[in-house]
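Biologist: I would like a close look at a single part of this model. Please pick one strand and its surroundings, and take me through it step by step.

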Amino acid sequence: MARILNIASAQMGPIARSETRKDVVQRLLALMRQAKARGSDLVVFPELALTTFFPRWFMTDQEEIDSFFERAMPGEDTAILFETAVRLGIGFYLGYAELDLSEGRARRFNTAILVDKTGVIVGKYRKIHLPGHAEHEPKRAFQHLEKRYFEPGDLGFPVWRTFGGIFGMCICNDRRWPETYRVMGLQGVEVVMLGYNTPVGHTGYPDVDGLSHFHNHLSMQAGAYQNSTWVIGTAKCGIEEGSLMIGQSAIIAPSGEIVATSLTLEDEVIAAACDLDFGRRYSETIFNFARHREPSNYGLIVERKGAIPPPA
């Protein structure tokens, strides 16, 4: 018997710098209600879903920087998300900037949480693959300063048994790295939830940036297929404070096929009935890891960080 879980991807259009947390949360609540109205058990929101994508600006005032971060989750402005989810009977993935003071110093992470239908946080992930740069680059129209404002995540790529399956999380740039999916795949992941904020002009090479939409779906489809998992990709997108970010939110099957995708660059809900057993036809055949993987030959993947060509 199939294990069907109805999952929604709640794409968001631009968030202006002037929008308050309460304003943004009201948009999230509207999307949550739409997802529930479509029969969804779980809704996936984007990366940094509570604020504009602030790494586009070079800032030196720490108080200004910290205004984009959450010191508690749930907090005063976000508690209503949890309360509404309980009332509706729906879980959610939420990306946000986290200010952690638990170890006696301020640590800042690009974070996502998974909340079940009872309003309990059942999983937390902190973004590992931080893109961009750490210092001001004046020639850029928009900065990409994630390496300045965040530390690399310190929680690894865990998975959780919840919603009747095995769930994992990652964030934005993580989707480009095959190791992200494979580490979760080796734990039997069945659904990977993935929020992103992706500016079109993030590399500085027009020919590369012109392929941003192709690369977005390519990386998620490959990760889904090669690890026999569903991937739920959710964008914050559109022209946000003058910067164009890609949409293309998608629900991708373990076959690598896209079963639902967004059509706009605005707030939009897409949904699909996801059979959590569907991946078995791949994990028990082509990608039967126990039968076909040869890890003794993969040592360089963990031993070496950068590429080293052979001697000339």
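Modeller: Start with a term. Two strands pair if DSSP finds at least two bridges between them. Keep in mind that this is a predicted model.

Now take strand 3, which covers residues 91-100. Is strand 3 mostly covered or mostly open? It is mostly covered: 10 of its 10 residues are buried. Buried here means under 20% relative accessible area.

Next, the neighbours. Strand 2, residues 42-44, is joined to strand 3 by three bridges. These two strands run parallel. Look for V43: its bridge partner in strand 3 is F92.

Strand 4, residues 107-115, also pairs with strand 3. Here there are nine bridges, and the two strands run antiparallel. Find G95, then look across to strand 4: A112 stands opposite.

How do strand 3 and strand 4 connect? They form a hairpin, with six residues between them. G104 sits in that turn and has a positive phi of about 80°.

So far, the picture is this. Strand 3 has a parallel partner in strand 2. Strand 3 has an antiparallel partner in strand 4. The residues of strand 3 are buried, 10 of 10. To trace it on screen, begin at V43 and step to its partner F92. Move along strand 3 to G95 and cross to A112. Then find the turn of the hairpin, where G104 lies.

Definitions and conventions
Residues numbered from 1 in each chain as written. Predicted model: local features only at pLDDT ≥ 70, side-chain atom pairs only at ≥ 80, totals over all residues. Heavy atoms only, no water. Buried < 20%, exposed > 50% of the residue type's maximum accessible area, 1.4 Å probe, protein only. Helix = DSSP H or I, 4+ residues; strand = E, 2+ residues; numbered from the N terminus.
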